[in-house]
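Reader: I would love a close look at one part of this model, the sheet, together with what packs on it and what ties it to the rest of the chain. Could you walk me through it step by step?

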Amino acid sequence: MDIRSEETGSKGRYSTVIEGHEAEMTYSRTSEKLVIVDHTGVPDALRGKGVGQALAAHAVAAARDGGWRIMPLCPFFRAQAVRHRQEWQDVVNL
């Protein structure tokens, strides 16, 4: 899955287009070391295909690579963080 990253100022997003439908995860950078994931949007046509999970895993990988932590305000990302508590504890604040 090809996931694009965009960041403008303190706002950022990860997005992908599959079968002509765009899914996204947005975040706000509060400091050099902390981002808040605030929204995950996956169109109904892509539900159940692992797109949201792929966006969440991409955010976690980006945090590891960038040396920052994630605060999950988005209900979907928070649920994923709880599900992957042990694997993601190094970068996710629960």
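Author: Happily; what follows goes from the sheet to the helix that packs on it, then to the core, and ends with the charged pairs. Please keep in mind that this is a predicted model.

Let's start with the strands. Five of them, in the order β1-β2-β3-β4-β5, form an open sheet with mixed pairing. At the edges stand β1 (4-8) and β5 (69-72); each has a single partner strand, so one side of each is left without a neighbour in the sheet. If you compare neighbouring strands, you will find them turned against each other by 25 degrees on average, with direction ignored.

The edge strand β1 is a good place to zoom in. It runs antiparallel to β2 (residues 11-18), and 5 bridges join the two. Within this pairing, Glu 7 has Gly 12 as its bridge partner in β2, while the bridge partner of Glu 6 in β2 is Arg 13. The hairpin of β1 and β2 has 2 residues between the strands, and Gly 9 takes a positive phi there, near 65 degrees.

Now to the helix on the sheet. What does α2 touch as it packs there? Its contacts in the sheet are with β3, β4 and β5, and the direction of α2 makes about 115 degrees with that of β5. The buried residues of this helix are Phe 77, Gln 80 and Ala 81. Looking down the axis of α2, you see these buried residues fall within an arc of 100 degrees, so they line one face of the helix. On the other side of α2, Pro 75 and Arg 83 are exposed. The cover over the buried residues of α2 includes β3, β4 and β5 from the sheet, along with α1 and α3 (85-88).

Phe 77 leads us straight into the core. The largest nonpolar core has 24 residues, and the members that touch the most others are Tyr 14, Ile 70, Phe 77 and Val 92. Two or more residues each come from β3 (21-31), β4 (34-41), α1 (51-66) and α2 (75-83). Of these elements, α1 gives the largest share, with 7 residues. Val 92 is worth a pause of its own. Beyond its neighbours within four places in sequence, Val 92 is in contact with Val 60, Arg 69, Ile 70, Pro 72, Phe 77 and Ala 81. Two of those partners, Phe 77 and Ala 81, are among the buried residues of α2 that we met above.

Next come the charged pairs. How many salt bridges are there? The count comes to 8. One of them brings us back to the sheet: Arg 13 and Glu 24 form a salt bridge whose closest N and O atoms are 2.9 Å apart. Since Arg 13 lies in strand β2 and Glu 24 in strand β3, the pair ties together parts that are 11 residues apart in sequence. Is Arg 13 buried or exposed? Its relative accessibility is 18%, and buried means under 20%, so Arg 13 counts as buried. Glu 24, with a relative accessible area of 21%, is partly exposed. Both residues belong to a network of salt bridges that links Arg 4, Glu 6, Arg 13, Glu 22 and Glu 24. Notice that Glu 6 and Arg 13, the bridge partners from the hairpin, both appear in this network.

Another salt bridge joins Glu 19 to Lys 49, with the closest N and O atoms 3.0 Å apart. This pair links distant parts of the chain, 30 residues apart: Glu 19 sits in the loop between β2 and β3, and Lys 49 in the loop between β4 and α1. Glu 19 is exposed at 58% relative accessible area, whereas Lys 49, at 44%, counts as partly exposed. The backbone of Glu 19 deserves a glance too, as its phi is near 50 degrees, a positive value in a residue other than glycine.

To finish, follow the chain past α3. Asp 90 forms a salt bridge with Arg 64, and their closest N and O atoms are 2.9 Å apart. Asp 90 lies in the segment after α3 and Arg 64 in helix α1, so this pair ties together parts 26 residues apart in sequence. Asp 90 is partly exposed, with a relative accessible area of 43%, and Arg 64 is partly exposed as well, with 39%.

Note on methods:
Residues are numbered from 1 along each chain as its sequence is written. This is a predicted model: local features need pLDDT of at least 70, side-chain atom pairs count only at pLDDT 80 or more; totals for chains, interfaces and linings use all residues. Side-chain values use heavy atoms; hydrogens and water are left out. A nonpolar core is a set of buried Ala, Val, Leu, Ile, Met, Phe, Trp, Tyr and Cys residues joined through side-chain atoms within 4.5 Å. Buried means under 20% relative accessible area, exposed over 50%, partly exposed in between (1.4 Å probe, protein chains only). Helices (H or I, at least four residues) and strands (E, at least two) are DSSP runs, numbered from the N terminus. Contact means heavy atoms within 4.5 Å. Two strands pair if DSSP finds at least two bridges between them. Axes are lines fitted to C-alpha atoms, for helices over the stretch in contact, and angles run from 0 to 180 degrees between N-to-C directions. The arc is that of the directions from the helix axis to the C-beta atoms. A salt bridge is a side-chain nitrogen of Lys or Arg within 4 Å of a carboxyl oxygen of Asp or Glu.
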